[in-house]
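Let's take a friendly walk along one helix and meet two of its residues. Have the sequence and the 3D view ready.

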Amino acid sequence: MKTFLSLIHFVLCIMVMVIVLLQRRKQGGFGGAFGGGTQADSGQWQRFTGLTKLTIVLFALFMLTSVFLTFILA
C-alpha cells in the first residue's frame with residue numbers, strides 16, 4: 001500500500017508541475033497578489049478555465065496523498 005501510494009504521489013507531483021508550467025501568465029503583475037482584484041473575481045468556479053480546474057483538482061489530490069503518506073509512514 002505504501003509503495004502504491006508513493007507511486008501515485010510521485011505521478012501527481014510530476015503532473016502538477018507540468019500543468020502549472022502550462023498555465024498562461026496573467027498580465028496583472030503583483031496587483032492581484034496584494035488585494036488588487038475585485039470581489040467579482042473570487043469564488044466563481046464557472047469562470048475558471050479547464051486548465052485551472054485541472055490544476056486545482058490535481059493539487060487537491062496531491063495534498064491528500066501527502067496527508068495519507070504522512071499517516072502511513074508515521
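Here is a short report on that helix and its two sides.

This is a predicted model, in which local features need pLDDT of at least 70, side-chain atom pairs count only at pLDDT 80 or more, and totals for chains, interfaces and linings use all residues. Residues are numbered from 1 along each chain as its sequence is written, and side-chain values use heavy atoms, with hydrogens and water left out.

Helix α2 covers residues 50-73; helices here are DSSP runs of H or I with at least four residues, numbered from the N terminus. From first C-alpha to last, α2 reaches 34 Å with its 24 residues, close to the 34 Å expected at 1.5 Å a residue (the expected span is 1.5 Å times one less than the number of residues).

Two residues of α2 compare like this:

| Residue | Relative accessible area | State |
|---|---|---|
| Thr 55 | 17% | buried |
| Val 57 | 42% | partly exposed |

Buried means under 20% relative accessible area, exposed over 50%, and partly exposed in between, using a 1.4 Å probe and protein chains only.

Which residues does Thr 55 touch beyond its neighbours within four places in sequence? They are Ile 19, Val 20 and Gln 23, where contact means heavy atoms within 4.5 Å. The side chain of Thr 55 also reaches the backbone oxygen of Leu 51 at 2.7 Å.

Thr 55 has company: the buried residues of α2 also include Leu 58, Phe 62, Thr 65 and Leu 69. Part of what covers them is α1, residues 2-22. In general, an α-helix has 3.6 residues a turn, so residues three or four places apart point the same way.

Methods: Helix = DSSP H or I, 4+ residues; strand = E, 2+ residues; numbered from the N terminus. Polar contact = N/O pair within 3.5 Å; in protein donor to acceptor, adjacent residues only side chain to side chain.
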